[in-house]
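Welcome, and take a moment to look over the sequence and the model. We will walk through a few places together, step by step.

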Amino acid sequence: MGRSRRSVLGCPILASLALLIVILPSGAAVSWGAKPTLSATSAAAQPIEITADHLEYIQGNEVYEAVGSVKIVQGPLQLTADRVTVMMLSGTLIATGHTHLKDPTSDLWADRLELDVNTDAGVITNGKLFMKESNTLVTGRLLQRFSEDHYRAKEGSFTNCDAKEGQVPAWRFTFKDMDLNAGESFYGKDVWFCVNDVPVLPLPSLNYPVQSGRKSGFLVPTVGYDNRFGMHYRQGFFWAVDPSQDITVTPDYLSNRGYGGDLEYRYVWDRNTRGQWLGTFIEDTKVGRGRALLTGAHTQKVTDTLSIRAQANLLSDPNYYNDLSNTGFLRALPSQESNINVNKRLPTGNVYLLGQYLQPLQVGGNSTFQRLPELGYSLLNVAPFDNPLVVGLDTTVVNWHRDQGFQLNRVDFMPGIGTETLNVGDVVGLTPQVRLREVYYTRGVTTAQSVHRETFWASLDATTRLTRRFNREGGGSLLHTIEPDVIYEFVPATSQSQIVQIDAVDDLPKKNLVTYKLRNRLLGMGPEGATVNWLDLTLAQSYHVGGVQTQARQFPFPDSVQYTTLSQQLQPTMVAVAGRKFSDIWARGVIGNPISTSPRDRPVSLTVDTFFDPYERNLSQWNTDLRYQHGMSWYAEVGQRYTREGNRVRRGDIWNPLSFGEVFAPTPTVQYVTAAGGVRLPYGWTVGAKTYYDLKSGVRPETDVVAVYQNPCRCWSLGLYYIQFPDRVQYNFLISLTGIGATEGVGTMLIKSILYPLLMDEKGLPWPSTTARQPIVPEAAPGGSPTMGRPY
């Protein structure tokens, strides 16, 4: 995770000039053509050529004098000036008059440039430096170079804003004194932030990261207002401890709620070890106590076959998210999980140790079962003795612990045997499988004696694939694929009355089921190999060969008994149902790319996910998402979710993720819609909105309105957002200065999620840039971003 240490104020340029002085020979050849030209070469460097109106070498003093339209070229390095003097004895180069020094990374203009090759010191008078990589322009009445890494400037300015010659930049910082440690940051004193050269904000001092990389310094503050929390102010300080770890400290103030802050630590200790942790604390004046959150993840690859993953999500109290979070997802969480997983890969499988803790939020309490710990072993399907038979094994041993109520242990032993796919006439592939399952419990629901259950799962899967390619005029083709699949499954009936129902291993109902699936795909193949999804349609349905379902468990709606109970039920709530031979028909169709990642994607995308009741001949579920995007000008998308009152189909089980053997107990109608869109407007504005509306209750749980302004040169932007909840509204703004950073908050990702289809990765957007505070953890922590737990 190291980074290069290039001098910011033109180290490549001045170092090359120093090399030029060193290798200039006393006996260089001078040619007299249209202009005097001096040429020199060295085995250690590229050839040097000096051209001027008048070129003179003073042998006694060993001085080169070049006067009038001087041009010095060495490879990509070029220096032009009215006059250049090179003093070989003292190792000094002096350039005066319209001095311009440039290389592939920088441009330097000055009235006078003086460089001492013996001390690496230099003085630039009335200088202006442009660094191409970071788009930074630095000016100063006097720029001093003390060493390769240390510079100072007097009475100058710097900006990352594009401005043509003679134009005033949209923003810049002016300073009276600036000190620079190359590879770190600017430190300016008596700084003013200027907009169109009008001083707006005085800053006694400022740390500013000018190069790409992780730099220590204060982050752009966040200021906002919430009609429930009051005025809000956050000011973070980012400390790049070293190239592999950083710490961010962010004090936080809510005028109507209290004060506190965040402490975030990120690290990549080596190529195999990384992590990200966030601690949040608030002294909540409304409830009269301190409240806290800890979330994060750690990943470590100990050896090539041994890895450790840990994740923490802990709150000081179950109502933390309800009171302080501005995301509906977190406020609706029934519980949250912390875990640690140690996994060891073996030549034919793996063994793991898992510890899992569920912190109840909306559901459960002291009686919640915790997986502390689980030991598991998996043997992947192997073919012993090189025969068609394959064998496998899954075994787990779990200690179920809880603070209140009895504890129990469970052993799940499941060997399996099958074959490799058997080809029938090179058309149909058959895959038979049998899995035996022995589950042992140290106690039952009402008895302290051990209980056990033996069962098995037998299946026969038949599948094939038909493909045809159609050439299109003008190049490209259409690829049509049909994939039929039929699977038969059988599980005998067993008693579950004494088995504690904790997870899917404990719920193994009988099964005598045939399920078919038919997938149709039509892909457009471009002449250059690009693919476009024209249609991806899947149909599936199950049929009960034997008896039908007579009992169903409650679906865990937020207002159901199973969902809201404070004590974990040992057996689920069951109701009588009249089962049917045929399940509802599941259909899922996708046209286009539902997630736009490029402005070249097809303008229309449609996703439809439905269940059709063949007995009532209507839809029991109907979910759609439609999106249209007109280039990068505007887009609109609508979605709806509908579930008819009655039994809800259960999709998949522990044996087969695509089967429809059961239904849940009747549930009320669910019907709501979502709508979102965005449009680019004149004068640099882009606006968008998203809303959720419950058609049944007539309530909008959340409505978001966002906007972004980008100035013409994209060197700064302003983001605005408005969030309306049933209990409060929040509005705020975000500011981004290109190359410095941006304010961060809950609105950062909100604005990005709504407007990203139109803005993509444009320059100058109100979310963090890649300059000031680059992430050192390249992948998201498991389970979501740790920052989701912040109040804002």
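Let us begin at Arg345, which is partly exposed because its relative accessible area is 46% (buried means under 20%, exposed over 50%, partly exposed in between, with a 1.4 Å probe and protein chains only). This is a predicted model, in which local features need pLDDT of at least 70 and side-chain atom pairs count only at pLDDT 80 or more, while totals for chains, interfaces and linings use all residues. Residues are numbered from 1 along each chain as its sequence is written, and side-chain values use heavy atoms, with hydrogens and water left out.

Arg345 belongs to strand 24 (residues 335-346); strands (E, at least two residues) and helices (H or I, at least four) are DSSP runs numbered from the N terminus. On the surface, Arg345 joins Arg271, Lys301 and Lys344 in a patch of positive charge. Such patches are made of residues with over 30% relative accessible area and no salt bridge, like charges being joined within 9 Å and nonpolar side chains (Val, Leu, Ile, Met, Phe, Trp, Tyr) within 5 Å. Lys and Arg count as positive and Asp and Glu as negative, while His and the chain ends are not counted. The place of a charge is NZ of Lys, CZ of Arg, CG of Asp or CD of Glu, and accessible areas come from the Shrake-Rupley method with a 1.4 Å probe, where for residues only the protein chains shown count as cover.

Now for opposite charges. Side chains of opposite charge can pair when their charged atoms come close. The whole structure holds 33 salt bridges (a side-chain nitrogen of Lys or Arg within 4 Å of a carboxyl oxygen of Asp or Glu). In one of them, Arg291 meets Asp323, with the closest N and O atoms 3.0 Å apart. Arg291 sits in strand 22 (residues 289-301) and Asp323 in helix 2 (residues 320-324), so this pair ties together parts 32 residues apart in sequence. Both Arg291 and Asp323 are buried.

Another salt bridge links Arg437 with Asp412, their closest N and O atoms being 2.8 Å apart. Here too distant parts of the chain are linked, with Arg437 in strand 30 (residues 428-441) and Asp412 in strand 28 (residues 408-419), 25 residues apart.

Finally, visit strand 44 (residues 670-680) and strand 45 (residues 685-694), which run antiparallel and are joined by nine bridges (two strands pair if DSSP finds at least two bridges between them). Val673 stands opposite Tyr693 of strand 45.
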